[in-house]
Amino acid sequence: MDLLNRKYPLTRMRRNRMKSFSRNLMAENRISINDLIWPVFIKEGTNKTESIKTMPDIFCFSIDSLISELEKPVSKGLNAIALFPQIDAELKNNKGTLALDENNLVCRAIKTIKSYYPDLGLICDVALDPFTDHGHDGIVKNGAVRNDETIEILINQALVYANSGCDVLAPSDMMDGRIKIIRENLEKNGFHDTILISYAAKYASSFYGPFRDAVKSSKLVEPINKKSYQMDVANVNEAIQEISLDISEGADMIMIKPGMPYLDIISKAKQKFGVPTLAYQVSGEYSMIMSASKANYLSFENVLMESLTCFKRAGADGIFTYFVPKIIDIIE
Ligand code: PBG
């Protein structure tokens with residue numbers, strides 16, 4: 001690098017910034033539809049489009065409504081969606097048994113979406129929280145979330161989803177050792193090509209509040225505490241160890257979550273491991289940008305594009321974002 005030898009006025013950094021043609025030429029990162037994954041909420045019923053109180057302009061769709069809703073984004077080149085079920089309260093129990101039912105909402109959604117959009121990548125969370133009445137991601141005994149007993153269930157949930165035609169399984173539970181056991185079980189059952197995205201560095205964040213409202217797994221006023229399995233927001237080294245373990249256990253891609261407040265983690269992980277790295281712009285980030293924009297405190301399109309570009313700059317290869325339906329009208 002010649003940085004130290006370059007001096008004003010022979011070097012004027014503003015020359016390249018002066019006109020839009022040169023700004024465009026030297027831009028290091030650009031967002032395209034190829035970078036985006038749309039997380040969607042689904043529920044039982046037909047012709048349902050229900051709003052979510054804490055997430056302006058986001059809806060929970062019945063499967064048939066989602067099929068129509070996907071038409072435009074898919075025609076614009078959307079590669080993948082992530083499915084999140086809102087399960088009726090009376091179907092939840094303390095073990096999340098419904099997660100293993102091959103006719104559950106997620107499995108039916110996978111099959112129907114695949115029949116309409118065979119090339120659209122389908123990503124499903126492997127975790128029990130939408131199905132448990134306590135809202136935890138695993139089995140709770142004596143007030144503690146049990147690691148190994150939870151994995152025993154998750155390996156079957158993973159299999160049930162893979163069997164329904166899910167392309168990508170995304171364990172989001174943060175139990176120790178689950179990637180290895182899920183991977184081995186997939187291999188044993190002939191699912192050699194199922195991709196595992198590990199929520200490798202998932203923090204015990206308060207930015208998930210609106211999501212838990214959307215899947216009705218926790219009340220905002222008495223937020224559920226997941227600190228015994230999700231990571232302390234204060235830690236970096238722990239994230240690097242988590243990611244390293246998940247890669248060695250067989251994860252194909254890693255995810256860091258939440259997104260924007262954790263760009264340092266994305267950047268470090270990408271530099272250190274160089275594996276496909278995804279970021280999740282979570283529900284709380286979505287709702288912050290939306291509410292500030294609706295109040296005219298922020299300029300919506302600019303802030304949205306800036307937030308996504310920053311993910312790419314930090315090193316994210318792909319971004320889960322609820323903004324997909326809005327972005328496709330902004331980017332060319
Ligand atoms: C469930 C899960 C959560 C999110 C994705 N999968 C919530 C949680 O861990 O409590 C959060 C997504 C968001 O906030 O947008 N394991």
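Biologist: Let's start with a loop: where is the place of proline 258?

Modeller: Proline 258 is in the loop between β10 (253-257) and α9 (263-273); helices (H or I, at least four residues) and strands (E, at least two) are DSSP runs, numbered from the N terminus. This is a predicted model, in which local features need pLDDT of at least 70 and side-chain atom pairs count only at pLDDT 80 or more, while totals for chains, interfaces and linings use all residues. Residues are numbered from 1 along each chain as its sequence is written, and side-chain values use heavy atoms, with hydrogens and water left out.

Biologist: What is omega for the cis bond from lysine 257 to proline 258?

Modeller: Omega is near -5 degrees there. Tyrosine 8 and proline 9 are also joined by a cis peptide bond, with omega about 10 degrees, and proline 9 lies in the segment before α1 (14-17).

Biologist: What makes lysine 226 a polar contact of the ligand?

Modeller: A polar contact is a pair of N or O atoms within 3.5 Å (within protein, one must be able to donate a hydrogen and the other to accept it, and residues adjacent in sequence count only if both atoms are side-chain atoms). A polar side-chain atom of lysine 226 lies 2.7 Å from a ligand oxygen, so the pair qualifies. Side-chain N or O atoms also come within 2.9 Å of a ligand oxygen at glutamine 230 and 2.6 Å at tyrosine 322. The protein covers 100% of the 400 Å² of accessible area that the ligand has on its own (Shrake-Rupley method, 1.4 Å probe; for residues, only the protein chains shown count as cover).

Biologist: Which elements give two or more residues to the shell around the ligand?

Modeller: Those are β9 (195-202) and α7 (209-214).

Biologist: Why is the pair of phenylalanine 84 and phenylalanine 211 called edge-to-face or stacked?

Modeller: Rings of Phe, Tyr and Trp (its six-membered ring) pair if their centres lie within 6.5 Å; planes under 30 degrees apart count as stacked, over 60 as edge-to-face and the rest as tilted. Here the centres are 5.1 Å apart and the planes at 85 degrees, so this pair is edge-to-face. Phenylalanine 84 is in strand β4 (residues 80-85) and phenylalanine 211 in helix α7, 127 residues apart, and the pair links distant parts of the chain. The structure holds 14 aromatic pairs.
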